[in-house]
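Let's take a walk through this structure, starting with the overall fold and then moving to the details. Keep the 3D view open while you read.

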Amino acid sequence: MRPVDFDDAETYEPEDGWRRVSMAGSDQFSFEWFEKPPGHSSPMHDHENEQVCLCLEGELTVATEDDKATLEKFDSVLFESGEPHRVENTGDELAVGLDVFAPGRSFDFWTERDE
């Protein structure tokens, strides 16, 4: 067993108000809790990992090159491996979500990527 205390977990804040917290996971899958302020959007990006994004609070609009959907509390979406996408807080309040990646990944995806 490998418990992860939320307050002691690895945290990454790529931009003011956009925070990600690495939860328990492995090389096979990883969990990242995140919060986004109103109006914030991640850049359009893709990665080798499949990703499930679960909205826990607020409103998130997810977009691919061909489609768009708005997630509200407890709604989720699957992004296939290599599928370009972005996640935006289109609501008026802080949005909180949980991303699950398979295979697992670290914050290196953001810190070591070319813009």
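What follows goes from the whole chain to its cavity and pocket, and then to a couple of backbone oddities.

First, a caveat: this is a predicted model, and everything below is computed from it. The protein chain has 1 helix and 9 strands. If you trace the elements from the N terminus, you go through the strands and then reach the helix, in the order β-β-β-β-β-β-β-β-β-α. The radius of gyration is 13 Å, close to the 13 Å that the globule rule gives for 115 residues, so the chain is as compact as a globular protein of that length. For a feel of the dimensions, the C-alpha trace spans about 35 × 30 × 25 Å along its principal axes.

How do the contacts spread along the sequence? Take the contacts between residues at least 6 apart in sequence: 65% of these join residues at least 24 apart. As for burial, 37% of the 115 residues count as buried, the cut-off being under 20% relative accessible area. The accessible surface adds up to about 6,700 Å², with 45% of that belonging to carbon and sulfur atoms.

Now for the inside. Counting cavities of 30 Å³ or more gives 1, and the largest cavity has a volume of about 90 Å³. It is lined by 13 residues, and the ones closest to its centre are Arg-20, His-45, Gln-51, Val-87 and Asp-99. Which strands supply at least two residues each to that lining? They include β2 (18-22) and β3 (30-36) from earlier in the numbering, along with β8 (85-88) and β9 (95-102). In terms of chemistry, the lining of this cavity divides into 5 nonpolar, 4 polar and 4 charged residues.

Then there is the largest pocket, with about 170 Å³ of space. This pocket is also lined by 13 residues, and a run of neighbours in sequence, Ser-22, Met-23, Ala-24, Gly-25 and Ser-26, lies closest to its centre. By class, the pocket lining has 4 nonpolar, 5 polar and 4 charged residues.

A little further along the chain is Gln-28, in the loop between β2 and β3. Is Gln-28 buried or exposed? Its relative accessible area is 57%, and the cut-off for exposed is over 50%, so Gln-28 counts as exposed. Gln-28 still has company: leaving out residues up to four places away in sequence, it touches Phe-101, Ala-102, Pro-103 and Gly-104. You can also use Asn-49 as a landmark, since Asn-49 is 21 residues from Gln-28 along the chain and their C-alpha atoms are separated by 9.9 Å.

Two of those contact partners of Gln-28, Ala-102 and Pro-103, are worth a look at the backbone level. The peptide bond from Ala-102 to Pro-103 is cis, with omega near -5 degrees. Pro-103 itself sits in the loop between β9 and α1 (108-111).

The other backbone oddity is at Phe-74. Although Phe-74 is not a glycine, it has a positive phi of about 75 degrees. Both features stand out because most residues other than glycine have a negative phi, and most peptide bonds are trans. You'll find Phe-74 in the loop between β6 (68-71) and β7 (76-79). With a relative accessibility of 57%, Phe-74 counts as exposed.

Notes:
Residues are numbered from 1 along each chain as its sequence is written. This is a predicted model: local features need pLDDT of at least 70, side-chain atom pairs count only at pLDDT 80 or more; totals for chains, interfaces and linings use all residues. Side-chain values use heavy atoms; hydrogens and water are left out. On a 1 Å grid over the protein atoms alone, a cavity is a set of points where a 1.4 Å probe fits but cannot get out, and a pocket is an open set with protein on both sides within 12 Å along at least five of seven lines; lining residues have an atom within 4 Å of a point. Grid points are joined across faces, edges and corners, and a volume is the space filled by probe spheres set on the points. Helices (H or I, at least four residues) and strands (E, at least two) are DSSP runs, numbered from the N terminus. Ala, Val, Leu, Ile, Met, Phe, Trp, Tyr, Cys and Pro count as nonpolar, Asp, Glu, Lys and Arg as charged, and the others, Gly among them, as polar. The radius of gyration is taken over C-alpha atoms; the globule rule is 2.2 Å times the number of residues to the power 0.38. Buried means under 20% relative accessible area, exposed over 50%, partly exposed in between (1.4 Å probe, protein chains only). Contact means heavy atoms within 4.5 Å. Accessible areas come from the Shrake-Rupley method with a 1.4 Å probe; for residues, only the protein chains shown count as cover.
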